Amino acid sequence: MRRALCITPFSPLPPTEGHRKRILSTIVILKRLGFTIDLLLLSRDYHWHRTAGEPQFAALRELADSFHVVPGDYLVREDNSDWGLDDWMSPSFEAYVKWLSARRNYDIVFCNYVFLSQTLTSFPKSVCRILDTHDRFGGRREMLLQNRSRLEFFYTSGREEAIGLARSDLVIAIKKQEEQYFRMVAAKPVVVLPYVEERGQAAPIPRRTSKSKRRHGGYSTRRSKSSQPVFGYFASSNWINRENFYQFIDCYKNSQWFRKGERFKLEIYGSLCNIIERNDDAYISRGPVREVAEAYDNIDCVIIPQEFSTGMKIKVSEALSFGSPILAHLHALEGFPVEGDALMSCGSFEELVERCFAVRAKPMLLETLRKESIVVQELLLKETEAAELALSVFIDERLPAICIVANANALATDQIYFEALQCAASAISGVARVSLCAYGAPRIAIHDYENKGGSHINEFWTADAPSELENWIEGRHAWLMLILTPDCTLVERVRSDGFGQPSQILFFVDLCNYVAISSTASEVVLPINCICVSGRPEGPAGIPIWHLRWLPWSLSFAGALAHHVVSDRGFLFTRSRATSNTLLHECLDIVSLEPSDNGTMSLPELVRMLLITRIRPRFVVDETGFAPQYRLILEMLHLNGIPILSTSEEDRDFLYAGGIADWRISSLFRHVPEVTAARHAPDWDHSGWGVLRQRIASLKRK
């Protein structure tokens with residue numbers, strides 16, 4: 001299951017206001033795309049802090065798989081200057097996001113509002129970072145002042161907003177008009193995702209209606225019980241709504257009809273009633289409602305008097321979901337598929353007032369408006385479906401998926417193998433989504449992996465047969481499979497056809513040989529129809545080898561031997577005691593690949609000594625020519641500062657170039673040490689892992 005972190009300054013519940021509805025709708029979309037949701041509320045929502053209780057928390061826990069809240073103070077400015085982009089972040093917000101980023105691996109981070117975009121910088125490139133803008137905030141202060149509205153909420157400069165947009169991989173605009181602006185100020189892909197409510201999400205409260213009222217598609221043309229059509233405005237308590245409403249009322253009161261004593265019946269619903277004055281001659285304030293259906297069930301025609309604002313008018317979508325007739329200012333319909341000559345679209349407040357009186361005089365126009373609403377709703381649903389598909393495709397193609405096929409038994413019992421796998425996952429998790437498959441017996445669960453300290457993965461699953469790996473490959477466009485287990489049936493499956501795409505199968509020879517030594521002394525047969533990855537720069541004739549000179553050991557284990565007791569003796573790594581150099585038997589402890597050798601230590605016994613008795617060798621002599629079974633141990637010992645000496649002349653150039661050997665055994669025989677400076681492992685960009693990461697990056701579809 002893919003995992004998404006949704007970061008928001010507002011709770012999506014209860015969905016009584018437009019911004020909460022939008023946040024809830026995107027969470028629903030992510031869940032529909034197959035993501036589990038972690039909800040992080042970095043809240044400066046004073047009203048929610050004051051009123052939220054256990055019922056709200058329980059509802060949020062039901063909505064998301066996990067729920068986190070970090071409260072913050074409500075912020076206001078004392079001057080008229082712009083907010084800085086990150087002024088609404090706080091040290092507590094930043095610290096919590098970093099803690100969550102280190103604790104869990106996410107496939108995507110979905111950030112709501114540009115003023116929280118700093119949170120996106122806490123996640124690696126392997127995470128798909130999406131920013132839902134909601135509104136355009138660059139230049140918002142100037143827009144508010146120009147329309148004589150109080151400065152409220154967040155506003156910043158276009159330059160600051162561009163910085164925030166650049167922190168994301170994908171920008172979501174709520175309407176096409178803002179898409180053009182975002183593309184202009186930031187070189188980022190932009191998807192327009194309109195807000196839409198489906199009728200099933202908000203059904204009207206059932207009530208008895210007169211038989212004389214015609215019904216269309218489950219809705220009556222007239223819903224109120226009044227003798228004349230009732231016009232309604234449902235809005236929240238912000239000053240943009242207030243100023244637009246007052247300007248509309250001024251046009252209404254200055255109209256020729258109003259001066260003649262004619263009125264149309266206008267009712268106001270929502271928290272806007274808390275910040276407007278009473279004016280019983282022009283409108284009736286009904287106040288907030290518990291359920292939005294209470295308002296729409298008593299309104300015959302919804303009006304949206306919005307001449308200036310940012311974002312998409314959620315109340316238009318809400319009214320469309322009820323199939324309500326709508327009359328709106330042209331600006332309020334931005335982002336909606338409305339024809340220019342539609343009856344519902346008004347070019348000015350004066351025209352909006354005129355249309356209201358026209359509908360009052362001819363109520364049959366309500367049917368025309370209702371049909372327009374149905375058409376707009378259907379088109380909006382299609383646009384939203386297309387946008388959701390574009391979002392899904394972007395997420396799927398943003399990063400390739402890497403499947404690490406690990407030996408389940410070694411993963412559960414062998415700490416060195418576990419650490420090597422952790423290092424491999426760490427090396428690629430910064431550029432790809434990591435799926436870990438525990439292959440074979442015993443069956444282990446993700447909590448077993450995490451209890452050992454496992455991390456750096458996005459998905460954990462188990463398999464017993466190559467067919468299950470085929471199922472993982474099916475339908476994927478960008479992927480690699482890293483095989484770290486010597487299972488015979490799996491090797492045979494790779495040898496046959498490389499799962500149909502040999503260039504995308506990487507067989508890690510050294511790790512497979514390390515696992516094989518616990519059950520057999522023989523080396524793993526290198527499969528064809530794949531890319532073999534080894535610590536040696538060359539392989540047998542006809543078998544391509546990717547040269548991975550070292551493992552990027554994690555800091556948790558790379559220096560773990562530094563505090564071990566140092567043995568008085570060195571260790572001799574040999575294939576068998578019979579074939580080893582007898583001059584070294586007296587002064588060295590022998591580690592043999594031959595299990596029947598008397599007086600020698602097997603490789604598993606060496607591992608137990610390192611991990612349990614906490615004794616480390618003073619130095620190691622390798623006379624196997626860097627045998628595959630020993631390479632993993634030699635890498636680990638070298639990175640812990642233990643000298644590695646080799647008797648092989650053939651390894652001379654490779655060992656020095658690769659940084660695995662610091663001294664030559666020939667110097668020891670002459671008793672004249674030729675000590676060279678310890679060679680540190682190269683950084684990732686100059687190692688085989690850098691090549692692998694580049695290969696992963698090349699998988700991305702252009």
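## Strand E19 and its surroundings

Both faces of strand E19 are covered: on one side Trp479, Met481 and Ile483 are buried, and on the other side Leu480, Leu482 and Leu484 are buried too. Keep in mind as you explore that this is a predicted model. The strand spans residues 479-484, and six of its six residues are buried, so it counts as mostly covered. The split into two sides fits a pattern worth remembering: in a regular strand the side chains alternate between the two faces of the sheet.

### The partners of E19

Which strands pair with E19 in the parallel sense? Strand E16, residues 401-407, does so over six bridges, and strand E20, residues 505-508, does so over three bridges. You can find these pairings by looking for residues that face each other across the strands. Alanine 401 stands opposite tryptophan 479 in E19, while isoleucine 483 stands opposite phenylalanine 507 in E20.

Here are these two pairings beside one from another part of the model, which we visit below.

| Strand pair | Sense | Bridges |
|---|---|---|
| E16 (residues 401-407) and E19 | parallel | six bridges |
| E19 and E20 (residues 505-508) | parallel | three bridges |
| E10 (residues 230-234) and E13 (residues 301-304) | parallel | two bridges |

How does the chain get from E19 to E20? The chain passes through helix H18, residues 488-497, and this β-α-β crossover is right-handed.

### A helix beside H18

Helix H17 (residues 466-473) packs against H18 at an angle of about 55°, and their axes are 9 Å apart. That angle makes H17 oblique to H18. To see where the two helices touch, look for Pro466, Leu469 and Glu470 on H17, and for Thr489, Leu490 and Arg493 on H18. The residues of this contact divide into three nonpolar, one polar and two charged.

### A sheet of six strands

Now let's move to another part of the chain. Here an open sheet of six strands runs in the order E12-E11-E10-E13-E14-E15, with parallel pairing. Its edge strands are E12 (284-287) and E15 (345-346), each of which pairs on one side only. Within this order, strands E10 and E13 pair over two bridges, and phenylalanine 231 stands opposite cysteine 301 in E13.

Which helix packs on this sheet? Helix H12, residues 349-361, does, touching E10, E13, E14 (326-329) and E15. The direction of H12 makes about 165° with that of E14.

Key
Residues are numbered from 1 along each chain as its sequence is written. This is a predicted model: local features need pLDDT of at least 70, side-chain atom pairs count only at pLDDT 80 or more; totals for chains, interfaces and linings use all residues. Side-chain values use heavy atoms; hydrogens and water are left out. Two strands pair if DSSP finds at least two bridges between them. Helices (H or I, at least four residues) and strands (E, at least two) are DSSP runs, numbered from the N terminus. Contact means heavy atoms within 4.5 Å. Axes are lines fitted to C-alpha atoms, for helices over the stretch in contact, and angles run from 0 to 180 degrees between N-to-C directions. Buried means under 20% relative accessible area, exposed over 50%, partly exposed in between (1.4 Å probe, protein chains only). A crossover is right-handed if, with the strands pointing away from the viewer, the path from the first strand over the helix to the second runs clockwise. Angles under 35 degrees count as roughly parallel, over 145 as roughly antiparallel, 65 to 115 as roughly perpendicular and the rest as oblique. Ala, Val, Leu, Ile, Met, Phe, Trp, Tyr, Cys and Pro count as nonpolar, Asp, Glu, Lys and Arg as charged, and the others, Gly among them, as polar.
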